[in-house]
Amino acid sequence: ELGNLTLTLYRNDRHREVLFSAADAYASARVYLERPGGGRIECPFDGQEPRCPGANLPLRPEWHELKFAPRRCLWMHPPGGPTRLVAEFPTVPMGTRLAVEGGTIWEHAPRHEPSLTTTHVGVDQLGTDRRLMELAIPPGREGVQRADTPAAGLPSPSALKLWVQSDNPEARETCVDFYSLGASAAEGP
């Protein structure tokens, strides 16, 4: 006690340990452009980031602003049309939940001209192509969008892929990350 004040230890029951972050593991990812029907164009890692032949499509961890809040994330620019920019992670340790977050960065976020298209962000299980989570980020939507799901039934480690796609890539500068999360303090170990 400090006079009329009493201190009590606070326990954050919502905190979850981050077991995996795509932004932290980006250098281990296999990156490629995926066309409908399964055609792929490999984007080899050049020591700093993956490089897609004939395209300037960044995929690297950076700090970006999403509705005035700083976020460390993967800067992934959709290639345009039905083609997706994909980052495969072969050994994602499974916790109790998976989460994906994303948003449009910089001055592009509030733009909503009719020519702009929705950006789709997804996480699929490799081998089965089972969709685990997906976000739709329409033009004009600001801030962080989030989806999460229980990781029940997924082996640990699992092979997962993170992808982005937008029919018109103009002004769809995207900041994304996905996580494997441990149990919350309220759920116990």
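**Rings and strands: a quick tour**

Visitor: Which is F20, buried or exposed?
Guide: F20 has a relative accessible area of 9%. Buried means under 20% relative accessible area, exposed over 50% and partly exposed in between, with a 1.4 Å probe and protein chains only. So F20 counts as buried.

Visitor: What sort of model is this?
Guide: Residues are numbered from 1 along each chain as its sequence is written, and side-chain values use heavy atoms, with hydrogens and water left out. Local features need pLDDT of at least 70, side-chain atom pairs count only at pLDDT 80 or more, and totals for chains, interfaces and linings use all residues, as this model is predicted.

Visitor: How many aromatic pairs does the structure hold?
Guide: Rings of Phe, Tyr and Trp (its six-membered ring) pair if their centres lie within 6.5 Å; planes under 30 degrees apart count as stacked, over 60 as edge-to-face and the rest as tilted. By that rule, the number of aromatic pairs here is five.

Visitor: How many residues apart are F20 and F89?
Guide: F20 and F89 make an edge-to-face pair, 5.4 Å centre to centre with 75 degrees between the planes. F20 is in strand 1 (residues 16–21) and F89 in strand 6 (residues 84–92); strands (E, at least two residues) are DSSP runs numbered from the N terminus. F89 is buried too, with a relative accessible area of 2%. Along the chain, the F20–F89 separation is 69 residues.

Visitor: Is the pair of F20 and F178 stacked or tilted?
Guide: The ring centres of F20 and F178 are 5.3 Å apart. Their planes meet at 45 degrees, so this pair is tilted.

Visitor: Which residues form one aromatic cluster?
Guide: F178 is buried, with a relative accessible area of 0%. One aromatic cluster is made by F20, F89 and F178.

Visitor: Which strands stand at the edges of the sheet?
Guide: Six strands form an open, antiparallel sheet in the order 3-2-6-11-8-9. Two strands pair if DSSP finds at least two bridges between them. Each edge strand has a single partner, so one side of it lacks a neighbour in the sheet. Those edges are strand 3 (40–42) and strand 9 (130–137).

Visitor: Which residue in strand 11 does F89 stand opposite?
Guide: Strand 6 and strand 11 (residues 158–165) pair in the antiparallel sense over six bridges. Across from F89, in strand 11, is L160.

Visitor: How far is the charged end of R84 from the ring centre of W163?
Guide: A charge sits over a ring if NZ of Lys or CZ of Arg is within 6 Å of the ring centre and within 35 degrees of the ring normal. R84 sits over W163 this way, and its distance from the centre is 4.2 Å.

Notes
Helices (H or I, at least four residues) and strands (E, at least two) are DSSP runs, numbered from the N terminus.
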